[in-house]
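Subject: Structure handover

Hello,

Here is the structure I promised to pass on. Please open it beside this message and follow along.

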Amino acid sequence: MQTLDQMKIGYSARIVSFKEPLLASRLMAMGIIPGTELVVLRKSLMNSTYFIQFPRLALALRKDEAAQILIESEI
Amino acid sequence: MSFSKYQVALSGNPNVGKSSVFNLLTGLHQTVGNFPGVTVDRKSGVFQLGNLGKVSIVDLPGLYSLFPSSEDERVVVDTLLGSPSSAPIDIIGYIVDANDIDRNLLLFTQIRDLGYKIVVGVNMLDTALSNGLQIDLNGLSDSFGVPFIGINGRTGEGITEFKTALENEILTQISQPNYTFSPSEEQIAKDVQSLVKIDAQYAALILAHHYKRVPFISKSQKDFIATLTEKYNFNSIDIQLDEMMKRYQFITPLVQKSSKQIPLSMDPLTRKIDKVLTHKVFGLLIFVVLMLLVFQAIFSWAEKPMEWIESGFVGINHLITTVVPDSWFQRLLTDGIVSGLSGVLVFIPQIAILFFLISILEESGYMARVVYMTDSFMRRFGLNGRSVVSLISGGACAIPAIMSTRTISNWKERLTTIMVTPLISCSARIPIFAILIAIAIPAKKVGGWVSLQALVFMGLYVLGTGTALVVAWIFHKILKTEEKSFLVMELPRYQMPQWRGIFLNVWEKVKVFIVEAGKVIFFISILLWFLASYGPKEKMEAARTKAKQEYAISQDIPLSQLTKSYELEASYAGIAGHAIEPLIRPLGYDWKIGIALLTSFAAREIFVGTMATIYAVGDDDNTSLLKDRLQNARFSDSGKKVFTVGTSISLMIFYLFAMQCMSTVAVVRRETKSWKWPMIQMLYMGVLAYVGGWLAALIF
């Protein structure tokens, strides 16, 4: 299944689940749960940090953190 | 602070405007201390609560849930679990951002299940409304069974109603935990309650999640809970995730029932600003330019106030000499304490300006973007995007810079930041660099327009910063940690900073600087004054005679200055300077520099003053005269010039790397809670300084 780190800028997706439980706990406490939609707004130099827009908040995520988030992309 | 009967705690997620509500409630009646045993800021205060009189209030650091991931968050959880080291909380003022009300309510439901009385303050209703989100506060109050009060942290609207609600609910509310435990959660919570005295069943469950790091339960209780988790096969993380899902399923429909909403994404203005400020390339360029502007401001705006402070202290010294009779006591006051304090307090304007500008960048939401842009670069050196803020602050003074590392949640990254921050060239090094550059570097232009002296000056900053990164990388390789490093950082909406909060913050930082640096400098300047003013009797006598003889031959230098110079040589400090000469000779230094190295051991800015005394320049800031004297100084044995290009550069490198600041040592000890780290830091910086100085003397 696709993970968030593989997504290109400007595309949107929906979270399916999380691979890393600690990260999941953090994100869920912020209201980001399976089913939440997201858009990759931009990436930093060298594509190492992601600027992700969720319906209610924006987050900075490291690439390896994004790799722990399973998504299904929306067309 | 008088003891008040009730204690209110403010809680909520980060970035909901909790501090502005706290400032509105308490005004200047607030203090910042530490939570017991940890270096997490504990803001507390008192305010008038209707007929209940004065009540105390504590502003708990923001957190997302009772499943903590940083030290700040852990402290809040401990406090809410009823840590015996803090006063019991009678009611929680829970602040939410209307725009994010559903996800903000997760923690609310958890806190309520701990058995607390709660009043919810709904902040930023105005921006929510302009985003198209209408919220029915009465509906929410009915659904959740506690009052939801609309408040505005900027204008103060609704604060009176919020206070009234707190006053009423503190007396009448009956807490209603309503979490539905799964069978396995119920089992373990009940078993925990059988051993640990804890009222709420949910608190027992939270204890089962975090027992390993809770400070107020005993070792045997921890072991007991450990066996329970094994017995029930209690997988903490999975259970946490299930719990949060259950809570959202409870919250979301209730919020939807009471709000009318058109789907919203990020505030359009924030999106537009971010397009520029977080741009891959331009974003970084803008950041660099902003930082240059901040530095420019620190030095140009602070110039005049620094002069005022200096002349103020000169005035105080004059006053003392007229009021106190000429005696050892007068000289202790003037040469010891007053000049020691003035050397430190003169940096207040720079520190205030730096923190004023940094608070604006923080409050507006920009710093979160800086972290986003720099995190990956800083991580290569074992640092964190947040370290950038501390390293920049280090350009003014390491003391507040080291305190600002508290926002870094990963301990290893925080420690590394603390360890390398003093390598960033602070403002106390500037006078030293200035005089040495004037001696050693010709006032030439490179390529016709760049001043060579300015280039060397900048080179020293670059060298300090570069070394800080390399040392950070080495620490990163040596230090081991089990703790996972996360970024996962919220990029909040941009907003206009609130001046009230900014000024409170600046005042707080300046106060800490005065207290931390002041108390260290006070004692050390007395000690150093003694060492530099007293010596073996016959030697001191001989020094005075020698000065008189020399004055009889030539009156170029006033007798008082000659006497001071020879007395310093004969003093205990002078003897020590002579004693270390063999050690520092490879770096090109003579015993006179040795004396200055020793007297500036506690605060590097003392170097120039000591050199002025040794070379009998007098107390006035006569830099050009000092420069001449230094340029003509010769070794007493070989007759060679002391201040060659090599020696001068070597000294600059020495002062760039050496710790030479006891106030920093004291702060590092406080922040790391041990003597181990400040000692390691002093040692490695000392080695760098010696080796660097020696290499410089060899090369140049």
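Start at L559(B). Leaving aside neighbours within four places in sequence, L559(B) is in contact with A547(B) and Y551(B). K548(B) lies 11 residues away from L559(B) in sequence, and their C-alpha atoms are 6.9 Å apart. Is L559(B) buried or exposed, or something in between? L559(B) has 14 C-beta neighbours inside 10 Å, so it counts as partly exposed. A buried residue would need 20 or more, and an exposed one would have 12 or fewer. Bear in mind throughout that this is a predicted model.

L559(B) belongs to helix 23 of chain B, which covers residues 559-570. Helix 23 of chain B has 12 residues. From first C-alpha to last, helix 23 of chain B reaches 16 Å, close to the 16 Å expected at 1.5 Å a residue. Its buried residues are L562(B), K564(B), S565(B), Y566(B), E567(B), L568(B), E569(B) and A570(B). Note that the list includes K564(B), E567(B) and E569(B). What do these buried residues of helix 23 of chain B pack against? The partners are helix 21 (499-533), helix 22 (537-553), helix 24 (572-579), helix 26 (591-599) and helix 27 (606-614), all of chain B.

Now to chain B as a whole. Chain B has 700 residues, and 45% of them are buried. Its secondary structure comes to 31 helices and 12 strands. Along the principal axes, the C-alpha trace of chain B spans about 95 × 55 × 50 Å. Take the contacts in chain B with a separation of 6 or more: 72% of them are between residues 24 or more positions apart.

Chain B is divided into two parts for our purposes: domain 1 (7-172) and domain 2 (503-644). How many Å separate the centres of domain 1 and domain 2 of chain B? Over C-alpha atoms, the answer is 55 Å.

Next, look at strand 1 of chain B, residues 7-12. Five of its six residues are buried, so to speak of it as mostly covered is fair. Strand 1 of chain B has two pairings to follow. Four bridges join it to strand 4 of chain B (residues 54-59), and the two run parallel. There, V8(B) has I57(B) as its bridge partner. Strand 1 of chain B also pairs with strand 5 of chain B (residues 91-97), over five bridges and again in the parallel sense. In that pairing, S11(B) stands opposite Y94(B).

Helix 20 of chain B is worth a stop too. It runs over residues 452-478, which makes 27 residues. At 1.5 Å a residue it should span 39 Å; its end C-alpha atoms are 39 Å apart, so the two agree. The buried residues of helix 20 of chain B are L460(B), G464(B), A468(B), V471(B), A472(B) and F475(B). What covers them includes helix 16 (387-393), helix 18 (411-420), helix 19 (430-440) and helix 29 (645-657) of chain B.

On to chain A. Chain A has two helices and five strands. Along the sequence, the pattern is β-α-β-β-β-α-β. A compact globule of 75 residues would have a radius of gyration near 11 Å; chain A has 11 Å, so it agrees. The C-alpha atoms of chain A fill a box of roughly 30 × 25 × 25 Å along the principal axes. Of the 75 residues in chain A, 45% count as buried. Among its contacts between residues at least 6 apart in sequence, 54% join residues at least 24 apart.

Last, the place where the chains meet. Here 32 residues of chain B are in contact with 29 residues of chain A. Helix 3 (101-113), helix 10 (236-257), helix 15 (366-379) and strand 12 (489-490) of chain B each supply at least two residues of the side of chain B that touches chain A. Which element gives the largest share of that side? Helix 10 of chain B does, with seven residues. By class, the side of chain B that touches chain A has 18 nonpolar, six polar and eight charged residues.

The chains also pair strand to strand. Strand 4 of chain A (residues 58-62) and strand 12 of chain B run antiparallel, joined by two bridges. In this pairing A60(A) stands opposite M489(B).

Best wishes

Conventions. Residues are numbered from 1 along each chain as its sequence is written. Chains are lettered from A and ligands numbered from 1 in the order in which they are written. This is a predicted model: local features need pLDDT of at least 70, side-chain atom pairs count only at pLDDT 80 or more; totals for chains, interfaces and linings use all residues. The expected span of a helix is 1.5 Å times one less than its number of residues. Two residues are in contact if their C-beta atoms, placed from the backbone, lie within 7 Å. Domain bounds come from an automatic or database domain assignment. Two strands pair if DSSP finds at least two bridges between them. Ala, Val, Leu, Ile, Met, Phe, Trp, Tyr, Cys and Pro count as nonpolar, Asp, Glu, Lys and Arg as charged, and the others, Gly among them, as polar. The radius of gyration is taken over C-alpha atoms; the globule rule is 2.2 Å times the number of residues to the power 0.38.
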